[in-house]
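Have the chain open in a viewer before reading on. This report covers cores, a sheet with its helices, and some individual residues.

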Amino acid sequence: MKDLDQYPITPDFDHWPVTVAPVAVHGKDGALAVEWADGTTSRYHPFLLAENDPSADTLHPLSRETTLSPLALPEDLAVRSAEIAANGAVTVHWSHDRPASRFHPGWLHGNAWFGHPPAQPTEVFWTAEEQPTPPSFDGTEALRDPAIFLAWLRALRDYGVARLENMPNEDGLLMQVVERIGPARESNFGRMYTLEIKDHPDSNAFTSDALMQHIDMPTRERPHGLQFLFCRDNSTSGGEGIYADAYRIARDLAEQEPDHFKALCEISWTYNNRSKTNSYKATGPVVERDGTGRITGIRYNTWLRAPLVASLADQDRAYRSYRAFAARAQDPKYQMTFAYRPGDLLAFDNRRALHGRNGYDAQGGTRFIEGIYSDRDDLHSAIRTLERTLSKETTA
């Protein structure tokens, strides 16, 4: 393949390696058909191509966003013919005297339909035996080496929990790490909080009591997606973190107790926080799924449920299914248990990884843990951006 700089720009800033070359192109029924060197064929609607035309008349060269209204294209726009340039770029000739367009072959292949949806990241479902501790990385090395930082982010995405170890005890460091991923998301606890004992706690977290497994912020329309806890000091006894993969719990329920799983997906609970200074309230099922049935989130917190206003039959289904979920969440089989050590920075998917803790002796030492929330969107953006950057460095 020729130098990538010779290819047309693409309607994004991603890196599109040319792993499969186009060998033949032609217009068919108004669309573009591309035959690839591996024997596959893909077709592209004329509107898709025209709206992603990299010419300056369609694509802003700096923002890489389209400037074209969908109504600016003729309704019967068609691909008349096509050809492959010497470097593999594909030139499309249009009807209605529209100027020809040139497309990057890697972008065309990467956005092709081959009869199945694009692959999604595969979550690794786990129990305590399969994952006794979080995937862990040296914090100093991760901050220095983008490849290690990326590995940590991927582990967080795939396992729902990941740890940086041996972090220096520095003010502001947690915020720096979070903002390398994306902006912090505020909550009713502030932009950043400390897990400390309060005289008038607005959450069970601000006591020394044990906490059952839960997600934070089920009281929000969209619960916060990520949570970061930085242990800067801990000489107390007890207080071990207890984490469980709620996706694994839900999958096991679907296989072994399908009626309970169905109720968890269908019946919505309302959650409200119990604070004197604010009143957040939101409603949703325990198990959230997308249109394909894939689990996309968990809304589970035993002590923030409001009374369930529903028929007696639905109340019975709801409570029995909630108890079935709780039985697994509190089963040691599913619980990853570990101590918070000074220098540990733990990140977890708040809408997947249930978290709790053992109670601790507040008089027997010091405990200093900082926390910040963020969102999943920021994690996925950071992963894609780092992958793009490192990929370009590798091929440079």
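Ile-298 touches Ile-215, Ala-246, Tyr-247, Val-286, Val-287, Phe-325, Arg-351 and Leu-354, leaving aside residues up to four places away in sequence. Keep in mind that the model is predicted.

**The cores**

Ile-298 belongs to the largest nonpolar core, which has 29 residues. It is listed among the residues with the most contacts inside that core, along with Ile-249, Val-286, Val-287, Tyr-300, Phe-325 and Leu-354. Helices H6 (246–256), H7 (258–266) and H8 (312–329) each give two or more residues to this core, as do strands E13 (268–272) and E16 (295–298). H8 supplies the largest share, six residues. Another core, of 28 residues, lies apart from this one. Its members include Ala-162, Ile-372, Leu-379 and Ile-383. In soluble globular proteins, nonpolar side chains tend to be buried together.

**Thr-270**

Thr-270 sits in strand E13. Setting aside residues up to four places away in sequence, it touches Lys-281, Ala-282, Thr-283, Leu-304, Arg-305 and Ala-306. With Thr-283 there is also a side-chain to side-chain polar contact, at 2.8 Å. Ile-372 is 102 residues from Thr-270 along the chain, and their C-alpha atoms are separated by 25 Å.

**The sheet**

In what order do the six strands of the open sheet run? The order is E7-E8-E18-E11-E20-E9, and the pairing is mixed. Strands E7 (136–138) and E9 (193–194) stand at the edges. Each has a single partner strand, so one side of each is left without a neighbour in the sheet.

E7 runs parallel to strand E8 (residues 161–165), and three bridges join them. Phe-137 has Leu-164 as its bridge partner in E8. Strands of a sheet pair through backbone hydrogen bonds, either parallel or antiparallel.

Helix H4 (residues 146–159) lies across E7, E8, E11 (226–234) and E18 (345–349). H4 runs at about 150° to E8. Helix H5 (residues 173–181) also packs on the sheet. H5 touches E11, E18 and E20 (367–374), and its direction makes about 20° with that of E20.

**Helix H4**

H4 has 14 residues. From first C-alpha to last it reaches 20 Å, close to the 20 Å expected at 1.5 Å a residue. Asp-145 caps the N-terminal end of H4. One of its side-chain oxygens lies 2.9 Å from the backbone nitrogen of Ala-147. Within H4, the buried residues are Phe-149, Leu-150, Trp-152, Leu-153, Ala-155, Leu-156 and Asp-158. Gly-160 follows the helix, with a positive phi near 85°.

**Positive phi outside glycine**

Most residues other than glycine have a negative phi. Asp-29 and Arg-64 are set out below.

| Residue | Phi | Loop | Relative accessibility |
|---|---|---|---|
| Asp-29 | near 55° | between E1 (22–28) and E2 (31–36) | 71% |
| Arg-64 | near 60° | between H1 (46–51) and E4 (79–84) | 19% |

Is Asp-29 buried or exposed? Asp-29 counts as exposed, because its relative accessibility is 71% and the cut-off for exposed is over 50%. Arg-64 counts as buried, because its 19% falls under the 20% limit.

How values were computed
Residues numbered from 1 in each chain as written. Predicted model: local features only at pLDDT ≥ 70, side-chain atom pairs only at ≥ 80, totals over all residues. Heavy atoms only, no water. Core = buried A, V, L, I, M, F, W, Y, C linked by side-chain atoms within 4.5 Å. Buried < 20%, exposed > 50% of the residue type's maximum accessible area, 1.4 Å probe, protein only. Helix = DSSP H or I, 4+ residues; strand = E, 2+ residues; numbered from the N terminus. Contact = heavy atoms within 4.5 Å. Polar contact = N/O pair within 3.5 Å; in protein donor to acceptor, adjacent residues only side chain to side chain. Pairing = 2+ DSSP bridges. Axes fitted to C-alpha atoms, helices over the stretch in contact; angles between N-to-C directions. Expected span 1.5 Å × (residues − 1).
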